[in-house]
Amino acid sequence: MMSDNSTTMPMDPVASSSLSSFYRNMTTTERRTFWACAGGWGLDGLDFMIYPLIIVTIMHQWSVGAGQAGFAATLTLLASAVGGWAAGLLSDRIGRVKTLQITILWFSLFSFLCAFAQNFDQLMVLRALLGFGFGGEWAAGAVLMGETIRPQFRGRAVGSVQSAWAIGWGIAVIAQAIIYSALPAETAWRAMFAIGVIPALMVLFIRRNVPEPEIAVAARKKAVRPSILAIFDPAVLRTTILASLLSVGAQGGYYAVIFWLPAFLHADKHLSVVGSTPYLAILIIGSFIGYLSGAWLADRLGRRMLFLLFSLGAIATILAYTQLPIPNEVTFILGFPLGFFASGYFSGMGPFLTELFPTSIRGSGQGFTYNFGRAIGALFPALIGYIKYSVGFGNAIAIFAVGAYALFFIAAFALPETKDRVLTA
């Protein structure tokens with residue numbers, strides 16, 4: 001598969017199962033691809049998380065209601081679902097690397113343009129346009145990684161890239177602290193969006209250092225250009241349906257928990273914004289450790305076992321977090337396993353979806369199924385918002401999150417294990 005065999009390092013059989021061994025044994029091409037995708041995904045997270053961090057300022061400055069502000073976030077996610085499928089189709093036609101460059105430039109440009117919005121309607125349109133690139137970057141990058149990294153390292157490598165999202169989230173929080181300390185709020189939010197242009201610099205690195213996977217080049221040379229509906233062919237229809245349901249469960253559960261957790265801490269635990277900060281910090285730490293652990297487990301136990309174990313763990317911790325009459329000190333402690341189980345399984349999603357589909361339709365298959373889940377999952381926060389008045393925050397979160405993770409478990413159980421699957425053109 002690799003074009004730089006002269007740089008391949010000897011396999012260390014003792015360390016080959018450790019989390020870090022994949023990096024030590026990588027070829028030059030694999031390493032450069034790893035850093036390109038990790039950087040792109042981390043900066044993707046930076047761009048996406050800017051909006052939630054400045055939304056209070058926007059609501060105050062333009063007198064925007066919470067419902068309208070939340071709808072803008074949902075619109076971004078819905079647009080990202082369309083963008084993900086489009087990028088997957090594009091990557092099957094013009095290549096993974098070119099598509100990755102286009103999507104990074106796209107979301108960087110529209111993040112920068114958000115800094116110049118003159119009213120909320122303009123901002124909402126620009127955020128929706130940003131969403132096309134945001135969804136597309138993951139689709140192109142995950143396929144690129146999956147086809148470049150060798151099977152024995154694929155889960156750990158792609159999963160470690162997933163952890164870069166938490167790093168991008170952390171950078172956005174640090175940037176907010178610095179910029180809001182230096183500038184008045186009415187200017188600071190524009191500066192926050194302006195730094196979203198930084199990911200565009202990643203394109204320079206990608207152009208110089210990341211080649212197209214040979215397997216993708218070979219597939220495009222010998223195959224007839226696939227139809228946009230090829231992933232619904234009877235031969236792969238069952239896989240497409242089950243993978244889509246898997247993604248709905250994975251992302252619906254995540255959004256149900258993460259989006260409303262600060263409001264839950266305020267309404268049910270009576271914590272102020274400042275008082276809830278440590279609770280969210282331990283959640284982020286748990287998420288980061290979960291990503292890395294999930295990356296290792298994806299190769300050690302297999303993708304399906306990772307999904308089955310983490311879905312059960314997420315259900316248990318969500319029920320404990322939202323349903324048990326526990327003191328705030330215990331709630332704080334539970335934040336770590338909640339973040340761990342509600343995030344860590346994402347480390348297996350990229351390699352699993354890559355391995356499920358044949359090369360000729362891998363981009364469109366992975367792009368559609370993952371982003372179908374994102375589109376449906378994006379509705380969960382709104383649905384929770386509607387029913388929380390009648391059943392309460394804790395019950396509303398539990399209903400949708402537990403239901404989503406149950407679907408995740410069932411779909412994972414029905415799909416085949418793909419660990420160590422060798423990809424062919």
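Which residues is Y254 in contact with, leaving aside its neighbours within four places in sequence? I began my notebook with this question, working on a predicted model, and I found Y254 in contact with W165, W169, Y291, A342, S343, Y345, F346 and Y405.

**Entry on the core.** I then looked up the largest nonpolar core, which has 120 residues, and noted that Y51 and Y254 touch the most other members. I also asked which element gives the most to this core, and the answer is helix α2, residues 28–62, with 14 residues.

**Entry on aromatic pairs.** I listed the aromatic pairs and found that the structure holds 20. One of them joins F310 and F341, whose geometry is edge-to-face, with 5.3 Å from centre to centre and 70 degrees between the planes. I placed F310 in helix α13 (residues 303–323) and F341 in helix α14 (residues 328–343), so this pair ties together parts that are 31 residues apart in sequence. For the burial of the two partners, I noted that F310 is buried, with a relative accessible area of 3%, whereas F341 counts as partly exposed at 22% relative accessibility.

I turned next to Y345 and Y405, whose ring centres are 5.8 Å apart and whose planes stand at 80 degrees, so I entered the pair as edge-to-face. Y345 lies in the loop between α14 and α15 (346–356), while Y405 lies in helix α18 (residues 393–414), and the pair therefore ties together parts that are 60 residues apart in sequence. Are these two residues buried or exposed? Y345 counts as buried at 0% relative accessibility, and Y405 is buried with a relative accessible area of 0%.

Following the ring pairs further, I found a cluster in which they link Y254, Y255, F307, Y345, F346, F352, Y405 and F408. The residue of my opening question, Y254, belongs to this cluster, and among its contacts are Y345, F346 and Y405.

**Entry on a charge over a ring.** I looked up R304 and found that R304 lies over the face of F413, at 5.9 Å from the ring centre.

**Entry on empty space.** How many cavities of 30 Å³ or more does the structure hold? I found 1, and about 100 Å³ of space lies in the largest cavity. I recorded its lining as C37, W41, E137, W138, G141, A142, M145, V158, V161 and Q162. The elements that give two or more residues to this lining are α2, α5 (120–148) and α6 (151–162), and the largest share, 5 residues, comes from α5. Helix α2 thus appears twice in my notes, once for the lining of the largest cavity and once for the largest nonpolar core.

Key:
Residues numbered from 1 in each chain as written. Predicted model: local features only at pLDDT ≥ 70, side-chain atom pairs only at ≥ 80, totals over all residues. Heavy atoms only, no water. Core = buried A, V, L, I, M, F, W, Y, C linked by side-chain atoms within 4.5 Å. Buried < 20%, exposed > 50% of the residue type's maximum accessible area, 1.4 Å probe, protein only. Helix = DSSP H or I, 4+ residues; strand = E, 2+ residues; numbered from the N terminus. Contact = heavy atoms within 4.5 Å. Phe/Tyr/Trp six-rings, centres within 6.5 Å; stacked < 30°, edge-to-face > 60°. Lys NZ or Arg CZ within 6 Å of the ring centre and 35° of its normal. 1 Å grid on protein atoms, 1.4 Å probe; cavity = no way out; pocket = protein on both sides within 12 Å on 5 of 7 lines; lining within 4 Å. Points joined across faces, edges and corners; volume = space filled by probe spheres on them.
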